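Please open the structure in a viewer and keep the sequence panel visible. The tour below proceeds by selections, each followed by a description of what is to be found there.

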Amino acid sequence: MRCLLCDARLSETVSWKTLLLMAEPPAACQDCLLPLKKLGGPYCPVCSRSMPDNQECSDCFRWNKNREWAGVLTKNISIYQYNEEMKAVLARYKFRGDAELSKLFAGEMNKTYREHFREAEAAVPIPLSEERLYERGFNQAELLAKQIPIPMLHPLKRISTEKQSKKSRKERLQNLHLFQLSYADDIQNKHLLLIDDLYTTGFTVRQAAKILLENGASSVSSLTLIRG
Ligand SMILES: [Zn+2]
Ligand SMILES: [Zn+2]
């Protein structure tokens with residue numbers, strides 16, 4: 001087996017740990033995996049940004065002060081920091097269409113699901129627009145969602161936003177709609193878990209969460225691979 005990132009040959013000997021835990025052998029070598037730093041230490045309880053004393057961060061404070069957005073997202077947990085190495089991995093994954101790379105994150109996605117989101121009944125990957133999906137050939141959020149053992153639903157459709165993106169941040173927050181509902185029957189009274197690759201301001205997952213709540217979901221959280 002070869003490392004998915006640098007193509008070096010992975011050690012053939014199965015470690016005792018792998019054997020005892022019946023775990024999947026790693027998909028990349030230690031040299032490539034080590035620079036991908038996980039988030040650690042105290043963090044904002046809403047979005048998992050690193051914060052002293054587990055305080056709520058200023059972004060989440062602002063979201064939760066706004067009557068329209070307060071409590072829309074139960075919580076977000078991200079796994080990795082957005083450093084240079086992760087940026088390179090992500091670029092390769094998304095833009096060079098290296099779908100195999102989702103295997104790299106299977107173990108951590110699964111572990112995070114088990115630690116934080118046991119109550120979730122279905123995973124909802126953040127959709128790409130049809131144009132993007134055509135260009136890229138796969139939706140990275142969907143491949144990540146496949147790594148966790150709950151059913152996957154596709155209740156959302158992405159609206160093309162190219163024209164809207166030239167407006168100011170404030171205008172965008174007020175007027176921009178990223179998603180529309182495509183199918184709501186199977187989300188009724190369900191605890192849903194949104195899946196995406198990157199959490200930056202929380203705007204995308206909150207837009208998705210709001211539509212899902214307005215159409216019958218009981219709660220919406222998110223699991224994102226990287227915290228920008
Ligand atoms: Zn490697
Ligand atoms: Zn926060």
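**First stop: Lys157 and Glu130**

Select Lys157 and Glu130, whose side chains meet in a salt bridge with N and O 3.3 Å apart. Lys157 belongs to strand β3 (residues 156–158) and Glu130 to helix α6 (residues 130–136), so this pair ties together parts that are 27 residues apart in sequence. The model in view is a predicted one. Lys157 is partly exposed, its relative accessible area being 36%, while Glu130 is exposed at 60%.

**Second stop: Arg136**

Remain on helix α6 and select Arg136, which also lies there. Which side chain of opposite charge is nearest to Arg136? It is Asp197, at 5.6 Å; Arg136 is buried yet has no salt bridge. A salt bridge requires the nitrogen to be within 4 Å of a carboxyl oxygen, so a separation of that kind does not qualify. Now display the surroundings of Arg136: apart from neighbours within four places in sequence, Arg136 is in contact with Lys94, Phe95 and Leu128.

**Third stop: helix α4**

Two of those contacts of Arg136 are Lys94 and Phe95; helix α4 covers residues 84–95. Move to the beginning of that range and select Glu84 and Lys87. Their closest N and O atoms are 3.5 Å apart, and the two residues form a salt bridge. Glu84 and Lys87 are 3 residues apart in helix α4, which means that about one helical turn separates them. Is Glu84 buried or exposed? With a relative accessibility of 57%, Glu84 counts as exposed. Lys87 is partly exposed, at 35%.

**Fourth stop: helix α5**

Next select helix α5, residues 106–116. Colour its buried residues, which are Ala106, Glu108, Met109, Thr112 and Tyr113. What do these buried residues pack against? Their partners are β1 (76–81), α7 (140–145), β5 and β6 (219–227).

**Fifth stop: the zinc ion of ligand 1**

Select the zinc ion (ligand 1) together with Cys3, Cys6, Cys29 and Cys32. The SG atoms of these four residues are its protein donors, and they lie 2.3 Å from the ion. The site is tetrahedral, with angles of 105 to 116 degrees among the 4 donor atoms. Along the sequence, the donor residues show the spacing C-x2-C-x22-C-x2-C. Both Cys29 and Cys32 are buried.

**Sixth stop: the zinc ion of ligand 2**

Proceed to the zinc ion (ligand 2). Which residues supply its protein donors? They are Cys44, Cys47, Cys57 and Cys60, each through SG, lying 2.3 Å from the ion. This site is tetrahedral, the angles among its 4 donor atoms being 105 to 118 degrees. The spacing of the donors along the chain is C-x2-C-x9-C-x2-C. Cys57 is buried, with a relative accessible area of 0%, and Cys60 is buried with a value of 0%.

**Seventh stop: Asp59 and Arg49**

Keep the zinc ion (ligand 2) displayed and add Asp59 and Arg49. The side chains of these two residues meet in a salt bridge, 3.4 Å from N to O. The pair links distant parts of the chain: Asp59 is in helix α3 (residues 58–65), whereas Arg49 is in the loop between α2 (30–33) and α3, 10 residues away. Asp59 is buried, with a relative accessible area of 16%, and Arg49 is partly exposed, at 26%. Adding Arg62 to the selection shows a network of salt bridges that links Arg49, Asp59 and Arg62. A search of the whole structure finds 8 salt bridges.

**Final stop: Thr201**

From Asp59, move to Thr201, which is in contact with Asp59, Trp63 and Arg206 when neighbours within four places in sequence are left aside. Where is Thr201 placed? It is in the loop between β5 (191–199) and α9 (203–214). Thr201 is partly exposed, with a relative accessible area of 32%. Its side chain reaches the backbone nitrogen of Phe203 at 3.2 Å. To end the tour, display Gly228 as well: Thr201 and Gly228 are 27 residues apart in sequence, and their C-alpha atoms are 8.1 Å apart in space.

How values were computed
Residues numbered from 1 in each chain as written. Chains lettered and ligands numbered in written order. Predicted model: local features only at pLDDT ≥ 70, side-chain atom pairs only at ≥ 80, totals over all residues. Heavy atoms only, no water. Helix = DSSP H or I, 4+ residues; strand = E, 2+ residues; numbered from the N terminus. Buried < 20%, exposed > 50% of the residue type's maximum accessible area, 1.4 Å probe, protein only. Donors = N, O, S within 2.8 Å, 3.2 Å for Na, K, Ca; no water. Tetrahedral: all angles 85-135°; square planar, octahedral: opposite > 155°, others 65-115°. Contact = heavy atoms within 4.5 Å. Polar contact = N/O pair within 3.5 Å; in protein donor to acceptor, adjacent residues only side chain to side chain. Lys, Arg positive; Asp, Glu negative; His and termini not counted.
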